[in-house]
Amino acid sequence: MAQLLLIEDDAAVRSALMRALTERGHAMSSADSGMSGLRMAVDERPDLVILDLGLPDVDGYEVVRMLRAVSPVPLIVATARDDEHEIARVLDAGADDYLVKPFGAIQLDARIRAVLRRLRGDEEEAGRPLTVGALRVDPRSREASVDGRVLDLRPKEFDLLCYLAARPGEVVSKRELLTEVWQVPYGGADKTVDVHLSWLRNKLGESAQEPRYVRVVRGVGIKIVDPER
């Protein structure tokens, strides 16, 4: 059974979906406006949010953006808007799926189960040990080692290393690191990243002058690489 939050202002549609999804075994809560829905998503932490775009207080697209700034909760947009550009814009903003009204409860339930299955698969993948050269990072045990030597890392140092090691060779901006590692959606200081990178490099046995794993791409961001390649 999944705990679902439905954000829908049409009382008749909201009531019908609540009833149908409850009959299919889900636990339901609902909101009739964008801002109340956002508060409930943060406070209740549902397994998945179903969102209509045509809300009375704030456009649903903005709700998607605001929700994604504070929560990774799976999100299905269920709306009457069928414009291709609108669909692409909403998916790019962070929605996991998009369903155009009218639709049946059976189809919505299938989409819900598909998104949740995909999420569970992503979580299992995220829990697997990461290897970059002689660097090994285990997200489940929160242990990291390099050349067989266990690293004594602070929590945020480990989170930073894990995030970079999951994207070997990919340049990650400081803005992204502040958002994803420090959970600072707006603002924040690049100096925070710089200090933790310096600590991390020291524990990896390298420096900015003689880098091994951690490489800075000036003006762009940071990446982790296999030093033997």
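Colleague: In β2, what is the bridge partner of L4?
Modeller: M28 is the bridge partner of L4 in β2. Keep in mind that this is a predicted model.

Colleague: How many bridges join β1 to β2, and do they run parallel or antiparallel?
Modeller: Five bridges join them. β1 and β2 run parallel.

Colleague: Is β1 largely enclosed or not, and why?
Modeller: Four of the five residues of β1 are buried, so the strand is largely enclosed by the rest of the structure. Buried here means under 20% relative accessible area.

Colleague: Zooming out, what is the strand order in the sheet?
Modeller: The order is β2-β1-β3-β4-β5. That is an open sheet of five strands, with parallel pairing.

Colleague: Which strands stand at the edges?
Modeller: β2 (27–31) and β5 (97–100) do. Each has a single partner strand, so one side of each is left without a neighbour in the sheet.

Colleague: By how many degrees are neighbouring strands turned against each other?
Modeller: On average by 20 degrees, direction ignored.

Colleague: What about β3 and β4: how many bridges there?
Modeller: Three bridges join β3 (residues 48–51) to β4 (residues 75–79), and the two strands run parallel. One bridge pairs V49 with L75 in β4.

Colleague: On to helices. Which strands does α2 touch?
Modeller: α2 (residues 34–44) packs on the sheet and touches β1 (3–7), β2 and β3. The direction of α2 makes about 140 degrees with that of β2.

Colleague: And α4, which strands does it lie across?
Modeller: α4 lies across β4 and β5. It runs at about 150 degrees to β5.

Colleague: At what angle do α2 and α3 pack?
Modeller: About 20 degrees, with their axes 11 Å apart. That makes α2 roughly parallel to α3, because angles under 35 degrees count that way.

Colleague: Left-handed or right-handed crossing?
Modeller: α2 passes α3 in a right-handed crossing.

Colleague: Which residues meet there?
Modeller: From α2, G34, M35, L38, A41 and V42. They meet V63, M66, L67 and V70 in α3. By class, that contact has eight nonpolar residues, one polar and no charged.

Colleague: How do the axes of α3 and α4 cross?
Modeller: They come within 9 Å and cross at roughly 15 degrees. α3 spans residues 60–70 and α4 spans residues 84–93. The angle makes α3 roughly parallel to α4.

Colleague: Which hand is that crossing, left or right?
Modeller: α3 passes α4 in a left-handed crossing.

Colleague: Which residues make that one?
Modeller: Y61, V64, R65 and R68 in α3 meet R89, V90 and A93 in α4. The contact of α3 with α4 has four nonpolar, no polar and three charged residues.

Colleague: Last topic, α6 and α8. At what angle do they pack?
Modeller: About 80 degrees, with their axes 10 Å apart. That makes α6 roughly perpendicular to α8. α6 covers residues 155–165, and α8 covers residues 190–204.

Colleague: Which residues make the contact?
Modeller: On α6, K156, E157, L160, L161 and L164. On α8, H196, L197, W199, L200 and K203.

Colleague: How do they divide by class?
Modeller: The contact of α6 with α8 has six nonpolar residues, one polar and three charged.

Key: Residues are numbered from 1 along each chain as its sequence is written. This is a predicted model: local features need pLDDT of at least 70, side-chain atom pairs count only at pLDDT 80 or more; totals for chains, interfaces and linings use all residues. Side-chain values use heavy atoms; hydrogens and water are left out. Axes are lines fitted to C-alpha atoms, for helices over the stretch in contact, and angles run from 0 to 180 degrees between N-to-C directions. Angles under 35 degrees count as roughly parallel, over 145 as roughly antiparallel, 65 to 115 as roughly perpendicular and the rest as oblique. A crossing is left-handed if the near helix is turned anticlockwise from the far one by less than a right angle, and right-handed if clockwise. Contact means heavy atoms within 4.5 Å. Ala, Val, Leu, Ile, Met, Phe, Trp, Tyr, Cys and Pro count as nonpolar, Asp, Glu, Lys and Arg as charged, and the others, Gly among them, as polar. Two strands pair if DSSP finds at least two bridges between them. Buried means under 20% relative accessible area, exposed over 50%, partly exposed in between (1.4 Å probe, protein chains only).
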